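Good morning, and thank you for making time for this. I would like to walk you through one model, going from the way its chains are arranged to a few single residues.

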4 protein chains.
Amino acid sequence: MVGYGFMGAAHSQGWRVAPRFFDLPAQVGMNVLVGRHSDGVEAAAAKWGWSETATDWRTLLDRDDIDIIDIVTPGDSHAEIAIAALEAGKHVMCEKPMSNTVAEAIAMTAAAEAAAAKGVLAMVGYTYRRVPAATFARDLVAAGKIGEVQQVRASYLQDWLVDPTVPLSWRLQKELAGSGALGDIGAHAIDLAQFVTGLTLTAVSGTLETIIAERPLEGERSGITGTAGEGSGMVTVDDMALFTGRFSNGALGSFEATRFSTGRKNALRLEVSGSLGAISFDLEDLNSLGFYDATAPATEQGFTKIYVTEPQHPYISAWWPAGHMLGYEHGFSHQAKDFVEAIVAAQQPTPSFADALQVQRVLAAVETSAGNGSAWTSTSN
Amino acid sequence: MVGYGFMGAAHSQGWRVAPRFFDLPAQVGMNVLVGRHSDGVEAAAAKWGWSETATDWRTLLDRDDIDIIDIVTPGDSHAEIAIAALEAGKHVMCEKPMSNTVAEAIAMTAAAEAAAAKGVLAMVGYTYRRVPAATFARDLVAAGKIGEVQQVRASYLQDWLVDPTVPLSWRLQKELAGSGALGDIGAHAIDLAQFVTGLTLTAVSGTLETIIAERPLEGERSGITGTAGEGSGMVTVDDMALFTGRFSNGALGSFEATRFSTGRKNALRLEVSGSLGAISFDLEDLNSLGFYDATAPATEQGFTKIYVTEPQHPYISAWWPAGHMLGYEHGFSHQAKDFVEAIVAAQQPTPSFADALQVQRVLAAVETSAGNGSAWTSTSN
Amino acid sequence: MVGYGFMGAAHSQGWRVAPRFFDLPAQVGMNVLVGRHSDGVEAAAAKWGWSETATDWRTLLDRDDIDIIDIVTPGDSHAEIAIAALEAGKHVMCEKPMSNTVAEAIAMTAAAEAAAAKGVLAMVGYTYRRVPAATFARDLVAAGKIGEVQQVRASYLQDWLVDPTVPLSWRLQKELAGSGALGDIGAHAIDLAQFVTGLTLTAVSGTLETIIAERPLEGERSGITGTAGEGSGMVTVDDMALFTGRFSNGALGSFEATRFSTGRKNALRLEVSGSLGAISFDLEDLNSLGFYDATAPATEQGFTKIYVTEPQHPYISAWWPAGHMLGYEHGFSHQAKDFVEAIVAAQQPTPSFADALQVQRVLAAVETSAGNGSAWTSTSN
Amino acid sequence: MVGYGFMGAAHSQGWRVAPRFFDLPAQVGMNVLVGRHSDGVEAAAAKWGWSETATDWRTLLDRDDIDIIDIVTPGDSHAEIAIAALEAGKHVMCEKPMSNTVAEAIAMTAAAEAAAAKGVLAMVGYTYRRVPAATFARDLVAAGKIGEVQQVRASYLQDWLVDPTVPLSWRLQKELAGSGALGDIGAHAIDLAQFVTGLTLTAVSGTLETIIAERPLEGERSGITGTAGEGSGMVTVDDMALFTGRFSNGALGSFEATRFSTGRKNALRLEVSGSLGAISFDLEDLNSLGFYDATAPATEQGFTKIYVTEPQHPYISAWWPAGHMLGYEHGFSHQAKDFVEAIVAAQQPTPSFADALQVQRVLAAVETSAGNGSAWTSTSN
């Protein structure tokens, strides 16, 4: 695994736990943790249980005992590592966002397709698809339970930038992060909406907004933010993205990604309204799904709060009895399991690089639209 | 109408509004408001729109233009007025609790039965039955939607006595109020549970508790409490009643009535668990009903939040379009409508005096049990 | 009162009930109900308790015993009646939307300003401002409890058009209704957002969508829809409006008005995020308000569900004890009360015609933007 | 670790994950998994990552490389193993319920006290104390945030026995399970209530009920239930326990444990009402805590939904950023961490065997009371 930030901890937990609950078709070890700073990577490897460390990911490429490379570095390095790894015949799990630019994503997708022809597989880590309630929402929609999708509302609400003393971390600088709320969390909203509906966004009209333009420079890093140091600098990414999107079946969706929704900590929400029903999901209540069945008797209609913890629900039979809740990181175990199963079965795991490229195109189209007075912009350019 | 306290306002609103939304089979006027203090009753009559006032309810008995007497005085006067009114051939609506003693309730029930033989009808004002969601809950249970009732949880939670400076009003004195939380709000929980399940409580084991034993004497009255005056006195009723009850089909229910549930203002809650499903109601969210259908596919089970505001729901077609919420006092209009319809149809309205007597027997049995170390006590004595 | 549709029933209830709970500074009678069809208006007057009827509203203008004219007709007649009434010296309550065009609204506003100079007052019925929780939200924002407003989310979600057999009523025809979801319910979302924040929208970028383009012609009218007749016709208004707005302080807001949000019956929702906190409101849970205080200790922060039913809350002391819920129509009593008080105090009631004109300008700007590829459009033209 | 059922999986996850997130003061290995059937225990060890297996727990007693014995067998074997282990100088973690009888618990407590004198420590696994929201609830109460505890409501609601075809597993047989809902889940409600309030129950009045008396014999085991085999037998434990308890400060609490609460899967609920506020917890929504502050301004009071996911909350800083939810099994990591820390610090971990004995006394008192017509029964005998 390359990278050892917050996502490194989450992916490690996925690799560690998946084989203890699921019957994986292959044994997966936690072999080498890679990071640029040897002290840091050694400490992380010891903590998380990786057998070895390395400071250069290239050293993994020639090793026969390494089959999978899991990339959890910042987005600007994804393309280089992923392409090299695929060319070296390693299966690649790449954390989202896939890349900082569409051009990189296109190159990565081409590399993935070339690799696939040789049985080498690539996948992007839109983990929230694998929250059981989200997977089950997809199942309900795919089974026709809500009929034709007629409108969609997707949002990802956080509030950690409301405090003006939060410093100017790399996440707030365009050259490092690519974009702000849009790419960081809006990407999840886009992927989830496309995943659950089975549709793609074909065009968008959007607005990006930086609410607090100047912030103290960063002192020490800590978690997703850090402490304020001396001096200040300009925020060069969006704090908030609002856009309307047109889906491939003609339905409209509203999208919101914001780090200024005071009181909302990690609220990835999706509501899909169809001709026969609706589903409603909120990551802050991740073990349940709202389902409205418009074909029920008129007096009995309402949103049903389904706890997605029954053995018949996706992924659940491996875990606990009904009503025993899962948490944030379970999705990483599901992702690890599905990836390993796909590799052994020699089947393309999802989301593929091509799927993730589509998300990158939507992100780029929103930026273009926002820079162009919110004019409607196709996602196919 | 006899009495002009808080319940007087609510009943007046019922009589005023019912004919404006429902097609009543008879015209009902708001004729005479009766109260002991002429100043007070005249002010109330002017405010609420009653045509005349009187200071002695006996003057109504001989008037041919009076068909209905609505009794909203404190419980200790109900028996005398109700019996006299029924004997005078007046239909009687009597506010709950029906009486302060079982003996009075027995006498009232006998009077009601004698009157019924002559076509004169009597009813008790357990209004919460007529919240549409509660009525609909009864309908679902009666239709077998939750199967056999297997357990019941009923509670009525308030918190207005948590503040130790709340004075010693009449509601806290046994000789005036009969009992405390038990009779005032516990009676509602009992009635609602019996109404929705269609069962009666046959035996109980309970405990009564006075949490704050001494309070300041009352200064001025205001709303349901008042302001503290000088001096203090002993609370002689229960602040809280907890009891377990056995229903006529053998199912157990837990009951709680309390004025010390900090933060709960008016939470009359009922959950009925059956062999095929469950219903869940909370008066603090009175426009909706939770319904669990255990016959649905395993992956789709959950409590459905039904907004009981569709035209097909009880009472709703007279009001607003779907999703337009009703409030506390709508039950009083429903009660007025149903009473008038029953009178015109010459059919016994519910709850009858006999039904309410059953509630009084339960209250008395709880007191007996509490005074007897929580020993199980039959409600039929 | 001119008009006797659904809004006629609601306004009648307001006039009927307000004097019974509030101490109005003047006595208000329900004198003349006006409608074009004498049979219909007579039946409605009898039902609702109006003393007289008329078929021509002009006959009211010369009557000295008429001080207030309440207009609840469809929007296309508001301008003519309101202007004539104001010129005749009658105080005017006008139901929203104020008019079908900005031009009419400008003329009405001019008439209102001329009338105001003579002490004749006009007001528009954006009733939802007077839901106590909404009024209290405004109070919290105005008191600085959430700091500077930084983003807004407003939506009004209904689902009555999801059923494709719902017929082509007047509400779905542009020449009669002006617009669809946008003007009918989006107007409420706009007014509420502006009211609670104390800000105005200065520019918008939006999209309008008709999801089901062809519907059966209407057979019989019933409630807000009706039954399907023979033949079919084209829907000429929007089923759904999505737009982004810029507020006068620079903050962005997202807006959604839809009749296709399956399972949402009457969900007017508003969330205002500020630098020190947030408020959250949902008309489907109208007795409560969510309030997030970002100045509380970090471990104790969260949305507080405030039941806006305490005597210290707006309008509540006239009603019931804490925890006794109000319903949809209570806002009409509050509106009647505030209007009468403003007239007696010779003070401008709110929202004034000028306030409502601002809403009309926003609606028009959304339509312009939608017709212009979602280009940002100022609301001041 | 001795035992490898459902609790074995949960405890294994605790031992596996705790060192990866917390900085434990000692390294803890997963050495020997013990079970009677060598096939089963070997499969479980391989799956869960234990290094060795054994079929007789006594073989652990003499091994110097074993410091801790974790007992997750059924309750009837706890006493023997725990006492032997403590006498052999092994620290003991014992899953709840501590034992099937009070006599065993007394013996175990004596052994634990003797061992403690030699620095050997024992603890019982009431894991739900270590759900961060529950721990934080205790902190709020201990800090006086809700004032004096005045009433308590505790319940543990499940519904897996509503289905009459669920077979007669060992959990439904008194000789194996000790009791039914009372000991299995009621014990959690008792422990949690005592833990959060800092009080103990001194007397109880209760009722036990078997709702479905006869069930099919068990075919194959699966999860907490199994499949029905041929023939049927009598259920000899309670399906439901209802009791009222008196706390050491005089406050009353109501308790309910049931496997017949249709639609409730794993709802351990606790509400503690105090003179200055209240807390409300539900295990089905385990990342949040309701907190009512009765000292806030009257207009701003309400239950605050605190997401207990901030770094300042108990245990959270080791996990994810704010708003990233934890699940059921995180409590087992917290328990492992706290136990290891206590051992290294040579301090008594909680709950101690003495604490758990107190819970056993309450359980026994409920049984005694239930067998004695619900007579009030002291917990000190």
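Before we compare chains, let me say what superposing means here: copies are superposed by least squares on the C-alpha atoms of residues with pLDDT of at least 70 in both. That cut-off is a reminder that what you see is a predicted model.

With that in mind, chain A can be laid on chain D with an RMSD of 0.0 Å, and doing so takes a turn of 180° and a shift of 0.0 Å along the axis. That is the relation of a two-fold axis. The same surface serves both copies, in that 100% of the contact residues of chain A recur in chain D. If you want to find the rotation axis on your screen, look for A:Gly327, which among the residues of chain A comes closest to the axis, with its C-alpha at 2.0 Å.

Let us stay with this pair for a moment. How many residues of chain A are in contact with chain D? There are 23 of them, and they meet 23 residues of chain D. On the side of chain A that touches chain D, helix 1 (6-21) and helix 2 (38-48) of chain A each supply at least two residues. By class, that side divides into ten nonpolar, eight polar and five charged residues.

Now please turn to the contact between chain A and chain C, which takes 30 residues from each of these chains. Here, the elements of chain A that give two or more residues are strands, among them strand 6 (149-157), strand 7 (201-209) and strand 10 (240-247). The largest share, four residues, comes from strand 11 of chain A. The side of chain A that touches chain C has twelve nonpolar, 16 polar and two charged residues.

From the contacts we can move to the interior. The largest nonpolar core has 504 residues, and those with the most contacts inside it are A:Ala82, B:Ala82, C:Ala82 and D:Ala82. To take one of these, B:Ala82 is in contact, leaving aside its neighbours within four places in sequence, with B:Ile71, B:Val92, B:Cys94, B:Met108, B:Ala111 and B:Ala122.

Finally, consider D:Glu341, which sits in helix 8 (residues 330-345) of chain D. Is D:Glu341 buried or exposed? D:Glu341 is partly exposed, because 16 other C-beta atoms lie within 10 Å, whereas a buried residue would have 20 or more and an exposed one 12 or fewer. The C-alpha atoms of D:Glu341 and D:Leu24 are separated by 6.8 Å, although these residues are 317 residues apart along the chain.

Note on methods: Residues numbered from 1 in each chain as written. Chains lettered and ligands numbered in written order. Predicted model: local features only at pLDDT ≥ 70, side-chain atom pairs only at ≥ 80, totals over all residues. Contact = placed C-beta atoms within 7 Å. Nonpolar A, V, L, I, M, F, W, Y, C, P; charged D, E, K, R; others polar. Core = buried A, V, L, I, M, F, W, Y, C linked by C-beta atoms within 7 Å.
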